[in-house]
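Welcome! Here are some exercises on the spaces inside a protein, each with a worked solution. Have a look at the sequence and the structure before you start.

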Amino acid sequence: MALQLFFHPFSSYSQKALIALYENATPFTPRTLSPDDPATGAEFADHWPIRRFPILVDGERPSERTILEATTVIEYLDVAHPGPVRLIPQDARAAIDVRMMDRVFDNYVSTPQQRVVYDALRPAEVRDAHDMAEAKAMLKKVYEWLDARMAAREWAAADQFSLADCAAAPALFYADWTHPIDARFAHLRAYRARLLARPSFARAVDEARPFRPYFPLGAPDRD
Ligand SMILES: N[C@@H](CCC(=O)N[C@@H](CS)C(=O)NCC(=O)O)C(=O)O
């Protein structure tokens, strides 16, 4: 049980880490979080009281290493368990572009997308219409920026599939469900479709299908 991933298949940040594991067929023990399995939940909370997933645990107690945050999980895999697909370019300048785009997808796509979902989970009387308008405005702005950026690119950065695309795939997948990407952003929509066709992400999407009825905004009848 060298590598364990505590995660949920329907969670966007979990999918981000899963893509990296699937890209390199890296062996790991899935530790799926579920209300039906309080023991796994307690072990997870022991590793990370903040309880945001995924986390990666490498090795056995007492000398195991716990890696928090999906980006860091991918960075760690690239260093400690590298495979044929290197998700961080060896060239330091190219790696900066990859890390920059990883931050863009997390901070300006995933974060506003999650705000909308978390708002929908709140009781109606504490929902925040102003915050929702701001979150959707940010999505709209970032769609426009990403559409221009993707006009002449296959992948988000460094001319290769990378950490940035691991971040982009679930972020754009759920963002489009949350605040649809307008048809005029054809480059961005084509990029989202390319990500969906990537076998590692297609597998993560397939594994999450049973959970679609739980999407708080109502899952559309499409990927
Ligand atoms: N910054 C974290 C974010 C992780 C995150 O937000 N995970 C969500 C699932 S996609 C989560 O743990 N949600 C449970 C909760 O908020 O209680 C990362 O990059 O891994």
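**Exercise 1.** Find which residues line the largest cavity of this predicted model, and sort them by character.

*Solution.*
Step 1: Go along the chain and collect the lining of the largest cavity: Ala 20, Asn 24, Thr 26, Ile 74, Leu 77, Asp 78, His 81, Pro 82, Gly 83, Val 85 and Leu 87.
Step 2: Sort these residues, and you get 6 nonpolar, 4 polar and 1 charged.
Step 3: Pick out the charged one. Asp counts as charged, so Asp 78 of the lining is the residue you want.

**Exercise 2.** Which helix gives the most to the lining of the largest cavity, and how much space lies in that cavity?

*Solution.*
Step 1: Compare the elements; H3 gives the most, with 3 residues. This helix spans 70–80.
Step 2: For the space in the largest cavity, write down about 70 Å³.
Step 3: Check how many cavities of 30 Å³ or more the structure holds: the count is 1.

**Exercise 3.** Now turn to the largest pocket: what is its volume, and which helices help to line it?

*Solution.*
Step 1: The volume of the largest pocket is about 950 Å³.
Step 2: Its lining has 33 residues, and those nearest the centre are Ser 11, Ser 12, Phe 53, Gln 114 and Tyr 118.
Step 3: At least two residues of the lining come from each of H1, H2 (38–47), H3 and H4. The largest share, 6 residues, belongs to H4.
Step 4: By character, the pocket lining splits into 19 nonpolar, 9 polar and 5 charged residues.

**Exercise 4.** Where is the ligand, and which residues lie around the ligand?

*Solution.*
Step 1: Look at the largest pocket again, as this is the space that the ligand takes.
Step 2: List the residues around the ligand: Ser 11, Ser 12, Tyr 13, Arg 51, Arg 52, Phe 53, Pro 54, Glu 69, Ala 70, Gln 114 and Tyr 118.
Step 3: Sort this shell into 5 nonpolar, 3 polar and 3 charged residues.

**Exercise 5.** Which atoms of Phe 53, Ala 70 and Gln 114 lie at short range from the ligand?

*Solution.*
Step 1: Begin with Phe 53, where a backbone N or O atom is 2.8 Å from a ligand nitrogen.
Step 2: At Ala 70, a backbone N or O atom lies 3.0 Å from a ligand oxygen.
Step 3: Gln 114 uses its side chain, with an N or O atom 3.1 Å from an oxygen of the ligand.
Step 4: Finish with the surface: alone, the ligand exposes 510 Å², and the protein buries 77% of that.

Conventions: Residues are numbered from 1 along each chain as its sequence is written. This is a predicted model: local features need pLDDT of at least 70, side-chain atom pairs count only at pLDDT 80 or more; totals for chains, interfaces and linings use all residues. Side-chain values use heavy atoms; hydrogens and water are left out. A residue is near a molecule or strand if one of its heavy atoms lies within 4 Å of it. A polar contact is a pair of N or O atoms within 3.5 Å; within protein, one must be able to donate a hydrogen and the other to accept it, and residues adjacent in sequence count only if both atoms are side-chain atoms. Accessible areas come from the Shrake-Rupley method with a 1.4 Å probe; for residues, only the protein chains shown count as cover. On a 1 Å grid over the protein atoms alone, a cavity is a set of points where a 1.4 Å probe fits but cannot get out, and a pocket is an open set with protein on both sides within 12 Å along at least five of seven lines; lining residues have an atom within 4 Å of a point. A molecule sits in a cavity or pocket if more than half of its atoms lie within 2 Å of its grid points. Grid points are joined across faces, edges and corners, and a volume is the space filled by probe spheres set on the points. Helices (H or I, at least four residues) and strands (E, at least two) are DSSP runs, numbered from the N terminus.
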